[in-house]
Amino acid sequence: DGSAQDLASFRIICTLLREGKKIVLFPEGVRSEDGSLTGMKAGVAMLSLKTGCPIIPVYIHGAFAAWPRHSRWPKLRKPISCIFGDPIFPPSLEGRTKKEAQLYLTRELEMAMKKLQETLGSVQ
């Protein structure tokens, strides 16, 4: 929401990424009501563009069944699977604005997540 706390977190994450640390972020921003993918927020793309770090998409299948959004406790013995996609590297800003690059990167991430979802769904 652009608060001072968000800005401080953004700076800390940028520092960690520049130090070579790995960060796990959920680009949707919230857990969905029904377990489906929702639109990606711009934060992950902004971090990638600012630091030059690639985004590695990860699709987690079964998390909603194991712990629905409004459930107080997780359901034990529900299978959860993860599939990792290819890194998505931030595009060059040459010939485009930061906003255009951010939108491009967010769309690439969204398409990669959908592809991973389809891939994992066909394996299950």
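Good morning. I shall begin with Pro-74, which lies in the loop between helix 3 (63-66) and strand 2 (81-84). Please bear in mind throughout that this is a predicted model. Pro-74 is partly exposed, its relative accessible area being 34%. If we set aside neighbours within four places in sequence, the contacts of Pro-74 are Ala-66 and Trp-67. Phe-64 stands ten residues from Pro-74 along the chain, and 9.3 Å separates the C-alpha atoms of the two.

Let me turn to the interior. The largest nonpolar core has 13 residues, and those touching the most other members are Ile-55, Tyr-59, Ile-83, Ile-88, Leu-105, Leu-109 and Met-113. Two elements, helix 2 (43-51) and helix 4 (98-123), each give two or more residues to this core. Helix 4 gives the most, namely six residues.

Ile-55 deserves a separate word. Not counting residues up to four places away in sequence, Ile-55 touches Val-44, Ala-45, Ser-48, Asp-86, Pro-87, Ile-88, Leu-105 and Leu-109. There is also a second, separate core of five residues, among them Ile-13, Cys-14, Leu-17 and Cys-53.

I close with charged side chains. How many salt bridges does the count come to? The count comes to one. That salt bridge joins the side chains of Lys-21 and Glu-19, with an N to O distance of 3.8 Å; the pair qualifies because the cut-off is 4 Å. As for its surroundings, is Lys-21 buried or exposed? Lys-21 is partly exposed, because its relative accessible area of 43% falls between the limits of 20% and 50%. Thank you.

Technical notes: Residues are numbered from 1 along each chain as its sequence is written. This is a predicted model: local features need pLDDT of at least 70, side-chain atom pairs count only at pLDDT 80 or more; totals for chains, interfaces and linings use all residues. Side-chain values use heavy atoms; hydrogens and water are left out. Buried means under 20% relative accessible area, exposed over 50%, partly exposed in between (1.4 Å probe, protein chains only). A nonpolar core is a set of buried Ala, Val, Leu, Ile, Met, Phe, Trp, Tyr and Cys residues joined through side-chain atoms within 4.5 Å. Helices (H or I, at least four residues) and strands (E, at least two) are DSSP runs, numbered from the N terminus. Contact means heavy atoms within 4.5 Å.
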